[in-house]
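Let's take a friendly walk through a protein chain, one piece at a time. Keep the 3D view open and turn it as you read.

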Amino acid sequence: MVDMRSSLQFCSAADRNKVPIKETLDKYLNFELTSIGPKQFLLEISSGTGQHIAYFAQHFPDLVYQPTELDISLFSSINGYISESKLTNVNPPEYLDVRDPPSKWLEGRLGEESVDYVLNINLIHISEWKCTEGLFYGCSKILKLGKYLFTYGPYAFDGNITPESNVQFNEHLKMQNPEWGLRDVDRELKPLAAKNGMYLLQSYSLPANNHLLVWQKR
Ligand SMILES: C[S@@+](CC[C@H](N)C(=O)[O-])C[C@H]1O[C@@H](n2cnc3c(N)ncnc32)[C@H](O)[C@@H]1O
């Protein structure tokens, strides 16, 4: 018998931020469920260890979840968290490179306007700009009209990065890869969203100088 626990990878940041992210998602996911009823579909892009999706799937059990990763070596950890929590509303992880056109995501099985929610945690600043472009372009195709992309991480706002710890984090990221770094919500992300028929509905300030941004498809 496979020992699922041995495959679990643990990220302490994911463990810390899952609670405030869940409390913010609560404003959207539960509201929709009470008013609409049927199972809705949430696609997570860059699921990492699987800690987030397993936690959210327990707290919002009426959704169907699809974890995805570029790094397929993380699949065993994602599967481990699904199995440990005995979740029946989470599909097995699938490969997804956000730089690919959305017609290729999940081997072409995602139809246009077939997804209710896309969740993306801590990818935008730890990847090249092409990934952020791919994320917004993909969401403009796969999201249903009026539905949401949630992005979480540290951001710049109108040319400013605050506090000093985020300035240092941005420098640290750029030293690792000059194409990485905190993206500017007002100067970069809002224009990119608008180009893709989306807009920033709400920005929530969360602990540790991170934000959860809610983008809506018009
Ligand atoms: C900082 S980790 C965040 C993981 C997880 N969301 C979390 O917050 O714990 C960034 C993740 O993005 C994934 N990633 C990097 N490039 C990607 C791409 N082009 N498409 C999809 N995922 C990508 C990495 O494999 C990694 O798991």
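**A walk from loop to ligand**

Our starting point is Ala 208, which sits in the loop between β6 and β7. Keep in mind that this is a predicted model. Most residues other than glycine have a negative phi, and most peptide bonds are trans. Ala 208 is not a glycine, yet its phi is positive, about 60 degrees. Is Ala 208 buried or exposed? A residue with 12 or fewer other C-beta atoms within 10 Å counts as exposed, and Ala 208 has 11, so it is exposed.

From this loop, step onto the sheet. Seven strands make up an open sheet with mixed pairing, and their order is β3-β2-β1-β4-β5-β7-β6. The edges belong to β3 (94-95) and β6 (198-206); each has a single partner strand, so one side of each is left without a neighbour in the sheet. Helix α6 (residues 185-195) packs on the sheet, where it touches β6 and β7. The direction of α6 makes about 140 degrees with that of β6.

Now follow β7 (residues 210-217) to β5 (residues 143-153): these strands pair in the antiparallel sense, over six bridges. One place to look is Leu 149, whose bridge partner in β7 is Trp 215.

Next, find β1 (residues 40-45). Strand β1 pairs with β2 (residues 63-69) in the parallel sense over five bridges, and Gln 40 stands opposite Leu 63 in β2. How does the chain cross from β1 to β2? The chain goes through helix α2 (residues 51-59), making a right-handed β-α-β crossover. Strand β1 is also joined to β4 (residues 115-121) by four bridges, and these two strands run parallel. Here Leu 42 stands opposite Tyr 117 in β4. As you look along the strands, remember a handy rule: in a regular strand the side chains alternate between the two faces of the sheet.

Helix α3 (residues 75-84) is a good place to see buried residues: Ser 77, Ile 78, Gly 80, Tyr 81 and Ile 82. Which elements do the buried residues of α3 pack against? They pack against α2 and β2. After α3 comes Lys 86, with a positive phi near 55 degrees.

Leu 106, in the loop between β3 and β4, is not a glycine either, but has a positive phi of about 50 degrees. With 15 other C-beta atoms within 10 Å, Leu 106 is partly exposed.

In the loop between β5 and α5 you will find Pro 163. A cis peptide bond joins Thr 162 to Pro 163, with omega about -10 degrees. Helix α5 (residues 164-176) holds Lys 174, which counts as partly exposed because it has 13 C-beta neighbours inside 10 Å. Leaving aside neighbours within four places in sequence, Lys 174 is in contact with Trp 180 and Gly 181. Lys 174 and Ile 126 are 48 residues apart in sequence, while their C-alpha atoms are 9.3 Å apart in space.

Finish at the ligand, which has 20 residues around it. Which of them come nearest? They are Ser 46, Gly 48, Leu 70, Val 98 and Asn 122. Sorted by class, the shell around the ligand has ten nonpolar, six polar and four charged residues.

Notes: Residues are numbered from 1 along each chain as its sequence is written. This is a predicted model: local features need pLDDT of at least 70, side-chain atom pairs count only at pLDDT 80 or more; totals for chains, interfaces and linings use all residues. A residue is near a molecule or strand if its C-beta atom, placed from the backbone, lies within 6 Å of it. Ala, Val, Leu, Ile, Met, Phe, Trp, Tyr, Cys and Pro count as nonpolar, Asp, Glu, Lys and Arg as charged, and the others, Gly among them, as polar. Two strands pair if DSSP finds at least two bridges between them. Two residues are in contact if their C-beta atoms, placed from the backbone, lie within 7 Å. Axes are lines fitted to C-alpha atoms, for helices over the stretch in contact, and angles run from 0 to 180 degrees between N-to-C directions. A crossover is right-handed if, with the strands pointing away from the viewer, the path from the first strand over the helix to the second runs clockwise. A residue is buried if 20 or more other C-beta atoms lie within 10 Å of its own, exposed if 12 or fewer, and partly exposed in between; C-beta atoms are placed from the backbone.
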